[in-house]
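Let's take a walk through this protein together, one piece at a time. Keep the sequence and the 3D view side by side as you read.

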Amino acid sequence: MLKKKRLFTPGPTPLLPEAQVAMSAASLHHRTAEFRQLYTRTLADLREFIGTANDVLLLASSGTGAMEAAVTNLTSPGDKVVVLSAGKFGERWRDLAKTFGCAVATVSAEYGETFAEGTVEAALSEEVRAVFVQATESSTGARHDVRAIGEAVRRRAGAAMLVVDAITGLGTTRLAVDEWGVDVIIGGSQKALMVPPGLAYMAVSERAWRRMEETSSPRYYFDLRKERKAAAKGESAFTPATSLVAALAAALDYLREAGEGSLAVGRDRLVDNAEGCAAMTRAAAAALELKLFAPRSPAAALTAILPPAGVESGKIVAGLREQFGAVVANGQGEMKGKLFRIAHIGYYDYLDTLGVIGALEQVLASLPNGVELGAGLRAAQRAYAQGVPESVAAR
Ligand SMILES: *Cc1c(COP(=O)(O)O)cnc(C)c1O
């Protein structure tokens, strides 16, 4: 049989055809009225997509570049910061903050878990200058409660900047960025926005802009104040990734159309879509007697699943790729071989979700313990028929 290559990875994600066309058609010089118009519109659309009144910036880098920018712009060497870490991306915050000389206190949760009640609050005090966390930890499939973390920060560490890596959270999770007191929120082009890797975007609060005037960590390419100045004129500080900006503009247009003229509605539908695909996948896993890696606080961005006992997850990853062209992610770091991850971020639909579940059943059926073909598919179809539970839709 033919094998179409399909990505089910938590970044990069499948490309939106309209964005690919826009990208290949773009032949732009960045110091022109044409580009300034495109850039200005894209920043305004991103602001609506994020759902913030704060300034939005675009950087030509992967998501980690914006994470580094948050650290260097908001901290000085020696600053006391708190990192909330429950996986590989939480550890990236810790490493970044240490690299730039912060005094890091880490609140850890085990891989697959989120932070136990009270543990975040206990680590906070008025001396804390910044708090770093993920909205969704892509290495484990767990969702963190950004609202509760924001409340704790405001109660106990009023001066701290709250910085949220929502690189897989944006477009998969309801995030009331301004209401929850998020000072910096970060996204990446290769996740829910359905374009290739290469752009990071971030919203920055007024408080954060003021903080940048006092901090002394070294920064040059990622000096956000330079970007803000340039953005006000419809430009970027350095040569922008023009074709990716054209792709991003097309993706945001697609979401506005999906929201019948409202980008915010289109974004909410994209979030509901991810929630729906995730609910179908979790139902299928349960029916196939596969355990979830993050059952207590599962993200809609991706579902991390344990293989059957005695099976290396790499076997499932390889089976899906070799037999069906379906690319799912293995575990990262110490989790390699122990779990596999199916993403629901961005341009996925019902058929993609049933497709990967059907393929997973075929792969499982070829293993020693086998599986009843159709059991996962049936559970996923039932989950779809029931719709997304209200409690999830309202989050
Ligand atoms: C993808 C991802 C990143 C950023 O990775 P880059 O490779 O730098 O784009 C950071 N955090 C999370 C949670 C992610 O999923």
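Strand E8 (residues 161-165) and strand E9 run parallel, joined by three bridges. Within this pair, Val163 stands opposite Val184 in E9. Please keep in mind that you are looking at a predicted model. On another partner, strand E10 (residues 199-204), E9 pairs in the antiparallel sense, over five bridges. There you can find Ile185 opposite Ala203 in E10.

How many of the residues of E9 are buried? Five of its five residues are, and the strand (residues 184-188) is mostly covered. In a regular strand, side chains alternate between the two faces of the sheet. You can follow the two directions here: Val184, Ile186 and Gly188 point one way from E9, while Ile185 and Gly187 point the other way, and all of them are buried.

Just past the strand, the loop between E9 and E10 holds Ser189. Is Ser189 buried or exposed? Its relative accessibility is 1%, so Ser189 counts as buried, the limit being under 20%. Leaving aside residues up to four places away in sequence, Ser189 touches Met194, Val195, Pro196, Pro197, Gly198, Leu199 and Tyr201.

Now for the nonpolar core. The largest one has 120 residues, and Trp93, Ile185, Ile186 and Met202 touch the most other members. Helix H9 (residues 242-258) gives the most to this core, with nine residues. The core draws at least three residues from each of domain 1 (6-12 + 261-393) and domain 2 (17-258). Trp93 deserves a look of its own: leaving out residues up to four places away in sequence, it touches Met67, Ala70, Val71, Val83, Phe132, Val133, Gln134, Val163, Asp165 and Ile186. Two names in that list, Val163 and Ile186, may be familiar from the strands above.

Val83, another contact of Trp93, leads us to a further pair of strands. Val83 stands opposite Thr106 in E4, and six bridges join E3 to strand E4 (residues 103-108), with the two running parallel. Five of the six residues of E3 are buried, so this strand is largely enclosed by the rest of the structure.

Next comes Asp79, in the loop between helix H3 (63-74) and strand E3 (80-85). With a relative accessible area of 12%, Asp79 is buried. Apart from residues up to four places away in sequence, Asp79 touches Leu74, Cys102, Ala103 and Arg129. To get a feeling for distances, look at Thr136: it is 57 residues from Asp79 along the chain, and the two C-alpha atoms are separated by 25 Å.

One of those contacts, Cys102, invites a word on cysteines. Cys102 is buried, with a relative accessible area of 9%, and Cys277 is buried too, at 4%. How many disulfides does a search of the whole structure find? The search finds zero.

Let's step back to the domains. The domain assignment gives domain 1 (6-12 + 261-393) and domain 2 (17-258). Their C-alpha centres lie 26 Å apart, and the contact takes 36 residues from domain 1 and 36 residues from domain 2.

Our last stop is an open sheet of three strands, with the order E11-E14-E13 and antiparallel pairing. Strand E11 (302-305) and strand E13 (329-330) stand at the edges; each has a single partner strand, so one side of each is left without a neighbour in the sheet. E11 and strand E14 (residues 340-343) run antiparallel and are joined by four bridges, with Ile305 opposite Phe340 in E14. Across E11 and E14 lies helix H10 (residues 263-287), running at about 15° to E11.

On the other edge strand, E13, you will find Asn330. Buried or exposed? Asn330 counts as buried, because its relative accessibility is 17% and the limit is under 20%. Not counting residues up to four places away in sequence, Asn330 touches Ser313, Gly314, Val317, Met335, Lys336, Gly337, Leu339 and Arg341. Ile345, by contrast, is 15 residues from Asn330 in sequence and 16 Å from it in space, C-alpha to C-alpha.

Terms used
Residues are numbered from 1 along each chain as its sequence is written. This is a predicted model: local features need pLDDT of at least 70, side-chain atom pairs count only at pLDDT 80 or more; totals for chains, interfaces and linings use all residues. Side-chain values use heavy atoms; hydrogens and water are left out. A disulfide is a pair of cysteine sulfur atoms within 2.5 Å. Buried means under 20% relative accessible area, exposed over 50%, partly exposed in between (1.4 Å probe, protein chains only). A nonpolar core is a set of buried Ala, Val, Leu, Ile, Met, Phe, Trp, Tyr and Cys residues joined through side-chain atoms within 4.5 Å. Domain bounds come from an automatic or database domain assignment. Contact means heavy atoms within 4.5 Å. Two strands pair if DSSP finds at least two bridges between them. Axes are lines fitted to C-alpha atoms, for helices over the stretch in contact, and angles run from 0 to 180 degrees between N-to-C directions.
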